[in-house]
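Please open the structure in your viewer and keep the selection tool at hand. The tour below proceeds stop by stop, stating what to select and what is found there.

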Amino acid sequence: MGEPNFIKTVCGYCGTGCGLILEVENNRIMKIRGDKEAPVNKGQTCVKGAFAYEYVHSEKRLHTPLIRKAGQLVETSWEEAYQFVADKLGIIKKTWGANAISMFACARTTNESNYVTQKFMRGAIGSNNIDGCNRT
Amino acid sequence: MLLLFGSNTSEAHPIIANRIKKAVKSGLKMIVIDPRKIDMTKVAHRHLQLNVGSDIALINAFIRIIISEGLYDASFIQQFTNDFDELKNRVERYTPEYASEITGITPEDIISTAREYAEAGNGMIAYTLGITEHHCGVNNVFDIGNLALLTGNIGKKGTGIMPLRGQNNVQGAGDMGCLPNQLPGAKSLTDDAYRLRFETEWGVGINPIAGDTQTRTFDKIESGEIKALYVIGENPLLADVHMNHTAKMLKKLDVLIVQDIFMTETAEMADVVLPARSWGEVDGTYTNTDRRVQRVRQAVEAHPNVKEDWEILCEISTRMGFEMNYEHSEQIWNEIRKLAKEMYGGISYDRLEKEYSLHYPCPTEDHPGTFILHERFHQEAEESFVKAPFVPVDYTAPLELPDEQYPFILTTGRRYESYNTHSQTRYYASGVKLKQTEETVDMHPEDAERLGIENGEVVSVKSRRGELQVKTKITDQVVPGLVFMSFHWSEVPTNVLTINEYDPISGTAEFKACAVSISRIKNPEESMPQ
């Protein structure tokens, strides 16, 4: 058994931005408590922030890319998945124009991933069709 | 003084609710404006239980009272605003009596609230999706702005307008340019000089014409103009209005790409599904509801075959001929700091390590961050000062009102222990006792009695767009004629009922109001869905 690690981070649920301390042992989150040093929550947490973390370790997480073949989603390699998406979007762009492609971005992922998402749409695709629930 | 508008704070933002409640204990006067008797009303000075969607009638009446009783901040208006006369004319017909007819609130309560807000000295308004998820969501927000400007309640401590945002990085996603009209740093795409900065750094021309909103995208799928959709960490099939229509549109696409952590209902329809890392497995920053940038840190190693969102996008981008390569999230953040320097230039990972969080705008390393926005409204106006215009608006009723066939108004929202389409909150740590583990339609005792419905009975709920079966929860949280449901459980897909009408400016759908009928099921056993 490994010794627990304590990782400071920010909650992944609502927009309040509570600071949390994750107790991690053997690569599993064992416990979460509010970070007393966090300016937003000063140690408090709600039921979601403190207890609804088991999804990270769920057996039902997606662990491999899937591609539809003969009507069914089947496991594939990253290489095939990447190439399929790149080819398909490339053909659609060439045939119908960049604005035939649209992106729904993610309000849950990091600023860094969101920046790359819009750079992908504007740089690689050439379209501003990018939106998400962040408009609300 | 706090006006809490369309915000079920204790369920959707529990820690903010705790802080508000603490402030109430030390003397804050809070008035809750909400169609439901939500938990926050327990500590409120007053609850204005308005009819769903009647916000503008109420706010215009507040404005009219404040103007007619001379309670507005005349010198502030003269110095910092435009179009006061237009506002004054527009609200003229919103007498307390007229507003009372529309909102269902007594003229006395409307008058008292208007006076209390105007005379509070410091008045703050916080709102959530009860304001924005209407066909007139933008007008609702304009009118909140009108009210704050009228009384000078902006740009200083204890005042202002605070939208309470519902997701960990919903603020950041928009700020980073994941909007059809906006570049990173929340600046308009049409700003040539600003766009050039990105074009130069990226080595590519950027289309200067704004793209489509999410709701408009569905229209364009229908017309055949949009052929491909790439969805990252969203479950639009369950989360968007009028589910049967959404499903039809997703099927119509040439290609649907879904990048997610679980096999969501939307992913089931995809042509390609790309497995992404989740919270706990990623590194970077989130921006919270008050513009606070904070570090999110990796706590556990992800499964070796799942990847970070940005990594997946870089691989596809490079294969499409637009090369993107990053080693780690800090490298991306530093590119953001360089390009959107007015906002983030001073927010380094090093500083976040030491200072925990920083509020943007923070242009330089020696800048403390901006805790309060719009302070210029209380400083000597420079010549370059752009005055804030009042934007007068009129009340418009929800687009689908109850009638004989569909006599109830359905309004939707969240419940405390669950989150959005429930892909994460299905997995609580063991031993946690949950209050609500399945969907209910919440209805008033009088309605239940009239229809002969018992608490817990499975009923049929129908709208013009769809139908479902759900257990009843009899509660006086709602008023007669109003029912409430959340959209957490795929077993009871509430958005099969909601209406696909949108705000013309924001494109946000009217999740908060549609007409439904409720009826008993004769043989519940036989008609339960499989």
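**Confidence and conventions**

Begin by colouring chain B by pLDDT, the predictor's confidence in each residue, from 0 to 100: the mean for chain B is 96, and 98% of its residues reach 70 or more. This is a predicted model, in which local features need pLDDT of at least 70 and side-chain atom pairs count only at pLDDT 80 or more, while totals for chains, interfaces and linings use all residues. Residues are numbered from 1 along each chain as its sequence is written, and chains are lettered from A and ligands numbered from 1 in the order in which they are written. The model scores ipTM 0.98 and pTM 0.97.

**First stop: a sheet in chain A**

Select β1 (5–10) and β3 (28–34) of chain A, the edge strands of an open sheet. Three strands form this sheet, in the order β1-β2-β3, with antiparallel pairing. Strands are DSSP runs (E, at least two residues), as are helices (H or I, at least four), and both are numbered from the N terminus. Two strands pair if DSSP finds at least two bridges between them. Next, add β2 (residues 19–25) of chain A, which six bridges join to β1(A). Within β2(A), A:Ile21 is the bridge partner of A:Lys8.

**Second stop: where the chains meet**

Display both chains. Residues are in contact if their C-beta atoms, placed from the backbone, lie within 7 Å. Chain B contributes 113 residues to the contact and chain A contributes 89. On the side of chain B that touches chain A, helix α15 (residues 309–319) of chain B gives the most, with eight residues.

Now select β4 (residues 66–69) of chain A and β11 (residues 272–275) of chain B: these strands run antiparallel and are joined by two bridges. A:Leu66 has B:Val273 in β11(B) as its bridge partner.

**Third stop: two helices of chain B**

Select α12 (residues 214–222) and α14 (residues 243–252) of chain B, whose axes come within 9 Å and cross at roughly 60 degrees. Because of that angle, α12(B) is oblique to α14(B); angles under 35 degrees count as roughly parallel, over 145 as roughly antiparallel, 65 to 115 as roughly perpendicular and the rest as oblique. Axes are lines fitted to C-alpha atoms, for helices over the stretch in contact, and angles run from 0 to 180 degrees between N-to-C directions.

Finally, show the side chains of B:Phe218, B:Ile221 and B:Glu222 in α12(B), and of B:Thr246, B:Met249 and B:Lys252 in α14(B), the residues that make the contact.

Definitions and conventions:
Contact = placed C-beta atoms within 7 Å.
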